[in-house]
Amino acid sequence: MSAEILTQAVRHHEAGQLEKAEALYREVLSGDPNQPDALHLLGVLAHQKGDHAAAVTLLRQAIAQDASAPIFHLHLGYALDASGHSPEAIGHYETALKLEPGLTPARHQLADTLLALGRSAEAGPHYEALLKHEPKNAEFLAKLGAIESDSGRMKEACAHFEAALRQLPDNALVHIGLVHALAHIEPEAYETHHTALMEEAFGFPDVAHQVLARPAAALVKRKTAIDWKAEEVDPEGLSELLSDGLLLALLRKTTNADGELELFLMRLRRHFFLAHEIATAQLPFLSALAEQGFNNEYVFWVSEEEEARLVELKAEIESGFAEGANPDEAFCEKLLLFALYAPLHTLGLAEKLNGVSLDAWPSHLQPIAQRTLFDWFEEQAIKDTLPSLTEIKDATSRAVQSQYEENPYPRWLSIDQPPPSTLADEMAQVAPHASLPGFLAEPSPEVLIAGSGTGKHAILRALSYGDAKITAVDLSKSSLAYASRMAKTFGIENIAFHQGDILDLDCLDRQFPVIECGGVLHHMKEPEKGWTVLTRLLRPGGFMLIGLYGEAARKDIVEARKRIAELGLQSTPKDIRDFRKAMLSGEYEDFSGLMVFHDFFALSGCRDLIFHVQEHRYTIPEIGKMIDDQSLEFLGFRFYEDALGIANLYRKEYPADPDMTDLASWERFEEAHPQVFTEMLGYLFWCRKPMEG
Ligand SMILES: C[S@@+](CC[C@H](N)C(=O)[O-])C[C@H]1O[C@@H](n2cnc3c(N)ncnc32)[C@H](O)[C@@H]1O
């Protein structure tokens with residue numbers, strides 16, 4: 001009789017009629033309280049209804065009656081996972097697998113739970129086993145790729161992400177994982193097929209390509225047997241190189257960050273500029289080189305001969321175009337040569353050219369017209385519409401503003417775009433052990449990005465804090481206009497850009513759940529004053545991200561700044577180019593380490609890096625004191641690259657600080673591993689304001 005009732009209950013259960021199924025399971029149990037199948041299925045039903053605690057109790061009772069049923073252990077594992085007892089769940093998945101080694105869902109969930117707990121070394125073999133059964137499963141391939149990437153096995157990671165890509169060609173997380181792995185393979189370990197793969201990766205629309213700049217340069221140089229150092233270049237022998245897809249992608253989509261390649265390209269540019277003829281086959285390369293010029297803001301060194309010719313060429317162009325006409329071939333050739341050295345908007349007839357529609361330009365000039373002319377006019381129009389929150393009165397703020405009006409920084413081109421999350425979920429990762437304030441989950445929680453510059457950080461946040469309403473403030477309208485135009489290209493509507501001085505932001509007259517301010521405060525005369533304003537603007541219980549320069553991380557930069565001051569160099573394009581050329585030619589060996597920074601390879605980046613009007617640098621104890629002075633709580637450092645490697649090393653060396661928040665330990669850690677904070681030029685960290693009362 002009870003077997004019949006059970007069969008009927010299962011039928012209802014399978015049909016989604018949970019109430020009816022539950023009543024019948026209970027009927028069976030009223031006759032036989034230890035009936036294992038009824039206990040099991042009622043437990044499964046409780047789990048489905050979200051009552052995980054009841055599910056755990058019922059499934060434990062089922063196992064007490066029959067411990068040999070793998071499915072009981074699997075379902076208890078699910079319920080334990082769902083009720084926050086993942087470490088215990090692992091034991092039950094393992095038992096289920098011992099009882100039935102082919103129980104794929106148990107292996108899948110075991111692997112996922114181990115991964116979620118950070119036990120990726122244990123999860124890896126399970127994904128490998130799952131792949132034996134399903135070699136094309138993109139989820140398993142990508143997860144294994146991520147595990148290998150985190151443990152530094154980049155070539156293996158790359159192979160697994162590539163296999164995942166073949167299954168999911170448009171998946172952003174696969175793109176991001178693949179690019180990361182591809183960029184971090186040791187140059188000598190690259191194989192021939194990596195060249196084509198990298199070229200393909202330059203076509204992904206949802207990743208930051210800059211990380212590929214150096215690896216792409218290394219691959220291009222390795223596969224082309226030419227003398228990269230030769231003083232005189234002979235384009236005759238270069239036809240293969242000049243049509244190389246990887247080189248063209250590197251030039252268009254990144255700022256080159258390879259010194260040897262820069263010097264070579266500089267000589268090549270000069271050759272073409274002073275030559276009398278350009279072959280049609282060379283146009284794509286010259287177009288890409290002009291885009292590279294725009295990307296690096298024309299940072300390549302220019303000889304006097306080129307400068308003189310450029311003045312002549314500009315005059316020829318400006319007198320050779322009638323309003324309303326379409327640009328002809330000879331005129332376009334001149335524009336292309338000019339665009340190797342300067343953006344088209346600097347021409348006297350820029351306004352006239354802006355009236356020529358994009359499709360009237362030859363294809364090789366279209367990206368140049370778009371980027372160096374149309375986009376610039378669009379930014380000028382945006383500037384006029386940007387609201388101002390405050391006047392810029394402070395003398396240092398005005399000097400800093402002037403630097404960033406001339407050289408908005410950073411001139412970023414692309415960013416990683418993983419799927420969106422919410423502000424509350426993201427903050428849960430910032431403080432995994434804390435109970436989060438309820439206001440983070442209110443509709444449209446507000447975030448302030450203070451000193452948003454050209455918007456890279458604000459746009460990354462707008463994408464990941466999908467539910468947030470973001471206010472971005474900066475001194476520089478040029479930077480904000482760049483940011484606003486880029487936000488439009490990403491279809492972002494949840495950022496409001498404003499001009500204003502952080503020092504006077506009390507005028508906002510409201511408090512924010514989250515405030516982020518990276519790379520800004522150290523450019524104030526008195527950074528503490530700016531920080532105090534931000535702390536007042538933070539809601540009690542709210543989170544704040546701060547980025548400050550580090551004394552140790554900027555050692556080479558300090559030396560370079562000293563030399564620049566001794567030489568009396570100014571932050572003009574000419575002085576920056578001259579100083580860079582000397583560095584690239586090996587002159588200042590004692591601080592040549594600063595060429596590791598990609599910023600060195602663009603004009604605004606280089607100005608920001610070593611020619612800044614105002615900078616402060618800090619040590620970890622000084623940062624600790626400032627955090628105390630602000631009455632904030634330190635929540636931990638953040639790292640861009642190799643975050644896991646650094647965190648693992650720290651945990652190993654300082655097991656007594658599992659939260660990784662003891663600044664005295666971090667100070668000793670930095671002394672032992674001085675490179676740890678170098679990539680970020682200092683310290684990026686989260687703090688929290690205590691709740692009131
Ligand atoms: C090095 S950039 C960093 C930009 C951005 N936070 C990022 O990480 O990409 C510094 C920015 O801080 C801005 N800034 C400096 N002092 C400021 C102030 N007192 N108020 C508002 N913005 C300021 C500058 O205008 C500049 O755009």
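**Exercise 1. The shell around the ligand**

Find which element gives the most to the shell around the ligand, and how many residues it gives.

*Solution.* Helix α22 gives the most to this shell, with three residues. Helices (H or I, at least four residues) and strands (E, at least two) are DSSP runs, numbered from the N terminus. The model is a predicted one, in which local features need pLDDT of at least 70, side-chain atom pairs count only at pLDDT 80 or more, and totals for chains, interfaces and linings use all residues. Residues are numbered from 1 along each chain as its sequence is written.

Next, list the elements that each supply at least two residues of the shell: α22 (395-406), α24 (456-464) and β2. The ligand has 25 residues around it, and the nearest are Gly451, Gly453, Leu475, Ile502 and Gly519. (A residue is near a molecule if its C-beta atom, placed from the backbone, lies within 6 Å of it.)

Last, sort the shell by residue type: 10 residues are nonpolar, 11 are polar and four are charged. (Ala, Val, Leu, Ile, Met, Phe, Trp, Tyr, Cys and Pro count as nonpolar, Asp, Glu, Lys and Arg as charged, and the others, Gly among them, as polar.)

**Exercise 2. The chain as a whole**

Give the number of helices and strands in the protein chain, its span along the principal axes and the share of its residues that is buried.

*Solution.* The count is 32 helices and seven strands. The C-alpha trace spans about 100 × 60 × 55 Å along its principal axes. The chain has 693 residues, and 42% of them count as buried. (A residue is buried if 20 or more other C-beta atoms lie within 10 Å of its own, exposed if 12 or fewer, and partly exposed in between; C-beta atoms are placed from the backbone.)

**Exercise 3. The sheet**

Trace the order of the strands in the sheet and name the edge strands.

*Solution.* The seven strands form an open sheet with mixed pairing, in the order β3-β2-β1-β4-β5-β7-β6. Its edge strands are β3 (495-499) and β6 (633-637), each of which pairs on one side only. (Two strands pair if DSSP finds at least two bridges between them.)

Start with β3. This strand pairs with β2 (residues 469-474) in the parallel sense, over five bridges. Ala472 has Phe497 of β3 as its bridge partner.

Then take β5 (residues 538-549). Nine of its 12 residues are buried, so that the strand is mostly covered. β4 (residues 512-518) runs parallel to β5 and is joined to it by six bridges. Here the bridge partner of Ile515 is Met544 in β5. β7 (residues 682-688) runs antiparallel to β5, with seven bridges between the two. Met544 also has a bridge partner in β7, namely Cys687.

**Exercise 4. Three residues and their surroundings**

Decide whether Gly145, Phe591 and Glu653 are buried, partly exposed or exposed.

*Solution.* Gly145 lies in helix α9 (residues 138-150). This residue is buried because 29 C-beta neighbours are inside 10 Å. Leaving out residues up to four places away in sequence, Gly145 touches Ala157, His160, Phe161, Ala164, Gly177 and Ala181. (Two residues are in contact if their C-beta atoms, placed from the backbone, lie within 7 Å.)

Phe591 sits in the loop between α28 (573-584) and α29 (603-610). Its 18 C-beta neighbours inside 10 Å are why Phe591 counts as partly exposed. Leaving out residues up to four places away in sequence, its contacts are Asp556, Glu559 and Ala560. Phe591 is also 8.3 Å from Lys555, C-alpha to C-alpha, and the two are 36 residues apart in sequence.

Glu653 belongs to helix α31 (residues 643-653). Because 13 other C-beta atoms are within 10 Å, Glu653 is partly exposed. Its C-alpha atom is separated by 8.2 Å from that of Phe669, 16 residues apart along the chain.

**Exercise 5. Backbone angles**

Which residues are joined by a cis peptide bond, and what is phi of Tyr298 and of Leu681?

*Solution.* The cis bond joins Tyr409 and Pro410, with omega about -10 degrees. Pro410 is in the loop between α22 and α23 (423-430).

Tyr298 is not a glycine, yet its phi is positive, about 60 degrees. Tyr298 lies in the loop between α17 (283-295) and α18 (304-319), and counts as buried because of its 20 C-beta neighbours inside 10 Å.

Leu681, another residue other than glycine, has a positive phi near 60 degrees. Leu681 is in the loop between α32 (663-672) and β7, and has 21 C-beta neighbours inside 10 Å, so Leu681 counts as buried.
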